[in-house]
Amino acid sequence: PWFGSIPGIAAVLALPFLLLAWLLAGTVASHDARYRQMDAVLAAFHQGLDLDEALETMRDLAPSTVYLDAPAARERYDAARALADARLATFTATVHALDNASLSNSADWLQTSWTEFTIDANDLSNTLLPFNDVERFNDGVYAVLSGLFFVSDLAAGEGISANELVLVVLDTLRKARRELGLVRSIAVYTTLRDGYFSSSDAEYLDTAWNTLGSLVESLEAQKTSIEARHPGPDLRIVHEDPQLVAYLARVEEEMILALGIETGWESEWLAGEQALASLRRDARGLLDTASAMVGDARRQQHYRDLGAGIGLVLLYALLTLLSVMLYRSRDAAVRAQAD
């Protein structure tokens, strides 16, 4: 019979191996889809941070723009709003491309909120109202980013996972950027007005400065922990950035302990921007490290899948060879008995 021939033996043995190969191909495709989603999620995080930077400029200039109508501040505010508009479109398109109904709904809500976004200029009693109006929209951006974090699987890495790095961006760094922005906003507004802090602004400034100092200490502790647990050389963080440390000292010496601000608003803006840039670099560095960890995990999974495929082929060849040898030895024995 045909299954008693060498081709027949090979065909019979091939059936289970073909099934295993089909299952392996499905597993490989699943692994590839998982890592492609990780890459897409991290790309969306980068775009969310791009949008955040434009919103931070709007937010920190909002009190000066609304209450003082300073032309230079207004011009920079309008440019930041146009930039935020473009970056929001890019960010929401990327979120939609992830094909998740919940995330798509959040992106639609964010776009609608932006279309309806206004700053309430009716109450002049609170300097922080315009700041908070923009910050509430920024909270919506981070709500979408948090949604990305919770619906996506970023559990890649050894010692520490990409999930943990992204969580620092969403939590400690997010809070520190807000408090630093509040300090900068009050400094610019006070400088453009008359150089003297109102009692409420002085209180806001003191609270923000103290909170920022605590957050910076917490961030340094987290960096140290991450560094100790991350075995690879691709960690992209900077410890005790001198610009941030210098800014905290400057705020204490020239604002909190002083009666007023003697520098121009551009100097205050630049000092705050340099300090904020260090926190932005930390956020980008952690995301870049997360991307590197995902890339390493993808390569390791690729090697494992390739090894499984090679092993499957070798096992099939070995079993086929043994079967053929057994068939030939039995056939020779039968022929010898017949003779």
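Valine 166 touches six partners once residues up to four places away in sequence are set aside: Leu42, Phe45, Phe149, Leu154, Leu287 and Ala290. Here a contact means heavy atoms within 4.5 Å. This is a predicted model, in which local features need pLDDT of at least 70 and side-chain atom pairs count only at pLDDT 80 or more, while totals for chains, interfaces and linings use all residues. Residues are numbered from 1 along each chain as its sequence is written, and side-chain values use heavy atoms, with hydrogens and water left out.

**Valine 166 and its helix**

One of those partners can also be placed by its backbone: the C-alpha atoms of valine 166 and phenylalanine 149 are separated by 7.7 Å, and the two residues are 17 apart along the chain. Valine 166 belongs to helix α5, which covers residues 162-170. Helices (H or I, at least four residues) and strands (E, at least two) are DSSP runs, numbered from the N terminus.

Is valine 166 buried or exposed? Its relative accessible area is 0%, so valine 166 is buried. The terms work like this: buried means under 20% relative accessible area, exposed over 50%, and partly exposed in between, using a 1.4 Å probe and protein chains only. Helix α5 as a whole is mostly covered, with 7 of its 9 residues buried. Those buried residues are Ala162, Asn163, Leu165, Val166, Val168, Val169 and Leu170.

Val166 also appears in the largest nonpolar core, which has 82 residues; Phe45, Met58 and Val166 are those with the most contacts inside it. Such a core is a set of buried Ala, Val, Leu, Ile, Met, Phe, Trp, Tyr and Cys residues joined through side-chain atoms within 4.5 Å.

**The chain as a whole**

Stepping back, the secondary structure comes to 9 helices and 0 strands. Along the sequence, the pattern reads α-α-α-α-α-α-α-α-α. The chain has 339 residues, of which 44% count as buried. Among contacts with a separation of 6 or more, 81% come from residues 24 or more positions apart.

**How the helices pack**

Two packed helices are described by the angle between their axes and the distance between the axes. Axes are lines fitted to C-alpha atoms, for helices over the stretch in contact, and angles run from 0 to 180 degrees between N-to-C directions. Angles under 35 degrees count as roughly parallel, over 145 as roughly antiparallel, 65 to 115 as roughly perpendicular and the rest as oblique.

| Helix pair | Axis separation | Crossing angle |
|---|---|---|
| α2 and α3 | within 9 Å | roughly 165° |
| α2 and α4 | 12 Å | about 25° |
| α6 and α8 | within 12 Å | roughly 40° |

Take α2 and α3 to begin with. Their axes cross at roughly 165°, which means that α2 is roughly antiparallel to α3. The contact draws on Arg81, Ala84, Asp85, Leu88, Ala89, Phe91, Thr92, Val95 and His96 of α2, and on Leu103, Ser104, Ala107, Asp108, Leu110, Gln111 and Trp114 of α3. By class, 9 residues of this contact are nonpolar, 4 polar and 3 charged. Ala, Val, Leu, Ile, Met, Phe, Trp, Tyr, Cys and Pro count as nonpolar, Asp, Glu, Lys and Arg as charged, and the others, Gly among them, as polar.

Helix α2 (residues 71-97) also packs against helix α4 (residues 128-151), at an angle of about 25°. That makes the two roughly parallel. Leu88, Phe91 and Val95 in α2 meet Phe137, Val141, Val144 and Leu145 in α4. This contact has 7 nonpolar residues, with no polar and no charged ones.

Helices α6 (residues 172-193) and α8 (residues 242-256) cross at roughly 40°, and they are therefore oblique to each other. From α6, Leu180, Val183, Arg184 and Ala187 meet Leu244, Tyr247, Val251 and Met255 of α8. By class, the contact of α6 with α8 has 7 nonpolar, no polar and 1 charged residues.

**Two exposed loop residues**

Aspartate 99 sits in the loop between α2 and α3. With a relative accessible area of 72%, aspartate 99 is exposed. Most residues other than glycine have a negative phi. Aspartate 99, although not a glycine, has a positive phi of about 60°.

Leucine 259 lies in the loop between α8 and α9. Leucine 259 counts as exposed, at 76% relative accessibility. Leaving aside neighbours within four places in sequence, leucine 259 is in contact with Tyr196 and Phe197. Its C-alpha atom is separated by 8.8 Å from that of glycine 195, 64 residues apart along the chain.
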